[in-house]
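Hi,

Here is the structure I said I would pass on to you. Have a look at it first, and then read my notes underneath.

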Amino acid sequence: MYSTQMDAARKGLITEQLRLAAAWEQLDEEVLRVLVAQGKAVIPANKRHKNLVPRAIGRTLKTKINVNLGTSRDCSDQEAEMEKVRTALALNADALMDLSSFGNTHSFRKRLIDESPVMIGTVPIYDAVVYYNKPLREITAEEWLATVRMHAEDGVDFMTIHCGLNRATAERFKKNPRLTGMVSRGGSLLFSWMEMTGKENPFYEHYDELLAICHEYDVTISLGDACRPGSIADASDAVQIEELIVLGELTRRAHDQNVQVIIEGPGHMALDEIAANMKLEQRLCDDAPFYVLGPLVTDIAPGYDHITAAIGGAVAASAGAAFLCYVTPAEHLRLPTLEDMKEGIIASRIAAHAADIAKGVNGAREWDNRMSQARKNLDWKEMFALAVDPEKARRYRAESKPELEDTCTMCGKMCAMRNINTIMRGEEVDVI
């Protein structure tokens with residue numbers, strides 16, 4: 001018998017979830033079992049998420065991507081969000097995170113879990129504000145924790161909980177002014193609650209009770225970064241690092257209870273700081289899987305932050321991040337549309353794949369080699385089949401028809417592939 005995926009791994013057991021995750025990674029089951037036992041990989045798999053297709057998250061595994069969605073007060077159409085769910089699944093997202101902050105959040109969450117085979121994450125602190133529908137300062141510690149239990153009972157596989165923002169970290173934040181302050185939505189709510197009530201962070205103060213809930217349902221705790229930098233000016237500062245130290249301590253306490261842990265990280269960060277931050281997390285948090293938002297490598301590109309995040313994400317994952325939270329062109333501007341979401345997913349998948357090539361993940365280079373062979377053969381059908389976004393690739397070619405089928409409208413008869421193939425066959429090259 002075992003209680004959690006980590007408990008099973010430490011007992012030398014290969015669970016069905018681990019077996020399936022290892023097969024998808026093209027990895028020996030025993031190798032993955034050891035990683036899960038050490039806390040260097042996690043398999044988020046709530047016992048109540050019955051239709052889950054399990055995936056493992058870890059630095060040496062395929063880089064996974066998460067897609068955020070959910071309703072807000074200004075945009076509360078649940079059907080529109082479910083259409084995003086279907087699109088995300090079609091585009092091979094590895095996880096979905098429900099950030100709903102308005103409306104019937106419980107029914108949406110249950111529907112999401114019931115209909116989605118991928119890992120589901122939530123941020124219970126958002127839902128507590130909706131569920132209790134009363135002034136922030138009046139929500140009690142017991143109510144914060146009750147919301148966590150409710151999400152666990154519903155079948156959520158991983159939860160972002162901002163446990164590292166304790167009173168000491170909050171004081172450090174107040175004594176070290178930042179250009180953009182605290183940009184974590186959950187962190188800002190919790191900090192405000194602590195300031196208004198004068199109390200300790202309930203998730204920190206009652207951490208053992210939180211772990212007991214996660215242990216009961218095998219929820220992976222994603223230790224939230226309330227103090228993540230919201231601008232490159234604030235990256236790698238004392239507040240960010242102090243919280244990371246606390247998260248490392250909380251990671252070890254969770255592992256002692258066989259609770260799986262993910263660590264959340266930046267945020268906005270200059271390109272030359274990213275690799276060092278990945279190494280720092282590995283050292284301080286015992287190499288628990290690192291889950292990063294981007295990082296966004298510049299602050300000046302609203303409307304294009306899926307690109308700034310993909311640049312940072314590729315660097316981060318190649319240096320040790322295990323899990324990329326997608327960023328859309330709508331970041332900082334609005335709730336993403338379906339098209340925004342699609343662009344964000346594709347950008348994140350490209351970043352993840354680029355990192356997998358760099359770190360030698362099984363099968364990563366083979367995909368590129370097959371595409372290169374199709375290009376050499378001028379095999380458009382195969383190129384479309386292998387593309388990260390086949391629909392867009394087909395549309396672009398269809399919108400600009402070449403004179404000759406074995407060329408495109410960029411080069412025509414001057415196509416290098418076409419001409420080299422021709423001359424290497426001993427035939428005459430005709431470019432007129």
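Below is what I found, starting with one helix and then moving on to another pair.

One thing before you dig in: this is a predicted model.

**Helix H15 and its partner**

A good place to start is helix H15, which covers residues 338-358. It packs with helix H14, residues 305-318, at an angle of about 25 degrees, and the two axes are 8 Å apart. Angles under 35 degrees count as roughly parallel, so that is how H14 and H15 run relative to each other. Their crossing is right-handed.

If you want to see the contact itself, pick out His306, Ala310, Gly313, Ala314, Ala317 and Ser318 on the H14 side. Facing them from H15 are Glu343, Gly344, Ala347, Ala351, Ala354, Ala355 and Ala358. Sorted by type, the residues of this contact come out as eight nonpolar, four polar and one charged.

**Two residues in H15**

Asp340 sits in H15. Is Asp340 buried or exposed? Its relative accessible area is 8%, and buried means under 20%, so Asp340 is buried. Its side chain makes a polar contact with the side chain of Arg334, at 2.7 Å. A polar atom of that same Asp340 side chain also lies 3.0 Å from the backbone nitrogen of Thr337. Not counting residues up to four places away in sequence, Asp340 touches Thr328, Pro329, Ala330 and Arg334.

Ser348 is also found in H15. With a relative accessibility of 8%, Ser348 counts as buried too. Which residues does Ser348 contact, leaving aside its neighbours within four places in sequence? They are Ile65, Leu324, Tyr326 and Val327. Take a look at Ile65 in particular: Ser348 and Ile65 are 283 residues apart in sequence, yet their C-alpha atoms are 6.7 Å apart in space.

**Helices H2 and H3**

Now for the other pair. Helix H2 (residues 16-25) packs with helix H3 (residues 29-38) at an angle of about 115 degrees, with 9 Å between their axes. The crossing of H2 and H3 is right-handed. H2 brings Leu18, Arg19, Ala21 and Ala22 to the contact, while H3 brings Glu29, Leu32, Arg33 and Val36. By type, the residues of this contact are five nonpolar, no polar and three charged.

That's everything from me for now.

Best wishes

Conventions. Residues numbered from 1 in each chain as written. Predicted model: local features only at pLDDT ≥ 70, side-chain atom pairs only at ≥ 80, totals over all residues. Heavy atoms only, no water. Helix = DSSP H or I, 4+ residues; strand = E, 2+ residues; numbered from the N terminus. Buried < 20%, exposed > 50% of the residue type's maximum accessible area, 1.4 Å probe, protein only. Polar contact = N/O pair within 3.5 Å; in protein donor to acceptor, adjacent residues only side chain to side chain. Contact = heavy atoms within 4.5 Å. Axes fitted to C-alpha atoms, helices over the stretch in contact; angles between N-to-C directions. Left-handed = near helix turned anticlockwise from the far one by under 90°. Nonpolar A, V, L, I, M, F, W, Y, C, P; charged D, E, K, R; others polar. Parallel < 35°, antiparallel > 145°, perpendicular 65-115°, else oblique.
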